[in-house]
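The following exercises concern helix packing and burial in a single protein. Each task is followed by a worked solution.

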Amino acid sequence: MAAVAEKARSALAAAGGRRPALSGAEQAVARLAADGATNRAIADTLYLSVRTVEYHLTSVYRKLGIDGRAGLAEWPSLPEPGATARALSDRR
């Protein structure tokens, strides 16, 4: 299944297609995870439950076609460290 998804992403990119869109919450969780924060630390920073953090990470991994946190560090379109977390915290 992963091979089919990768082939589809490659074909879409070659055709000038869009990158997968992450929600604001997904971006914040992904950035903090890429920076090495634990799920508990992410939950505390963003005022979420650990289960919600897990849900967002699962969604991010699926959308980006990666297997885990190691792949997040290599993804170029994540926001700058701390920017999204600060924006979400300011809304509360």
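Glycine 36, just after H2, takes a positive phi of about 100 degrees. The model is predicted, so local features need pLDDT of at least 70 and side-chain atom pairs pLDDT 80 or more, while totals for chains, interfaces and linings use all residues. Residues are numbered from 1 along each chain as its sequence is written, and side-chain values use heavy atoms, with hydrogens and water left out.

**Exercise 1.** Determine how many helices and strands the protein has.

*Solution.* Take helices (H or I, at least four residues) and strands (E, at least two) as DSSP runs, numbered from the N terminus. The assignment yields six helices and zero strands. Read from the N terminus, the order of elements is α-α-α-α-α-α.

**Exercise 2.** Classify the packing of H2 and H3.

*Solution.* Step one is the geometry: H2 (residues 24-34) and H3 (residues 39-46) pack at an angle of about 135 degrees, and their axes are 10 Å apart. Axes are lines fitted to C-alpha atoms, for helices over the stretch in contact, and angles run from 0 to 180 degrees between N-to-C directions. Step two applies the classes: under 35 degrees is roughly parallel, over 145 roughly antiparallel, 65 to 115 roughly perpendicular and the rest oblique. H2 and H3 are therefore oblique to each other. Step three lists the contacts (heavy atoms within 4.5 Å): Ala28, Val29, Leu32 and Ala33 in H2 meet Ile42, Thr45 and Leu46 in H3. By class, this contact has six nonpolar residues, one polar and no charged ones.

**Exercise 3.** Repeat the analysis for H3 and H4.

*Solution.* The axes of H3 and H4 (residues 50-64) come within 8 Å and cross at roughly 105 degrees. H3 is thus roughly perpendicular to H4. On the H3 side, Asn39, Arg40, Ile42 and Ala43 take part, meeting Val50, Val53, Glu54 and Leu57 in H4. These residues divide into five nonpolar, one polar and two charged.

**Exercise 4.** Is serine 59 buried or exposed, and which side chain does its own side chain contact?

*Solution.* Buried means under 20% relative accessible area, exposed over 50%, and partly exposed in between (1.4 Å probe, protein chains only). Serine 59 lies in helix H4, and because its relative accessibility is 7%, it counts as buried. Its side chain makes a polar contact with the side chain of glutamate 26, at 2.6 Å. Such a contact is a pair of N or O atoms within 3.5 Å; within protein, one must be able to donate a hydrogen and the other to accept it, and residues adjacent in sequence count only if both atoms are side-chain atoms. Glu26 is also among the buried residues of H2.

Technical notes
Nonpolar A, V, L, I, M, F, W, Y, C, P; charged D, E, K, R; others polar.
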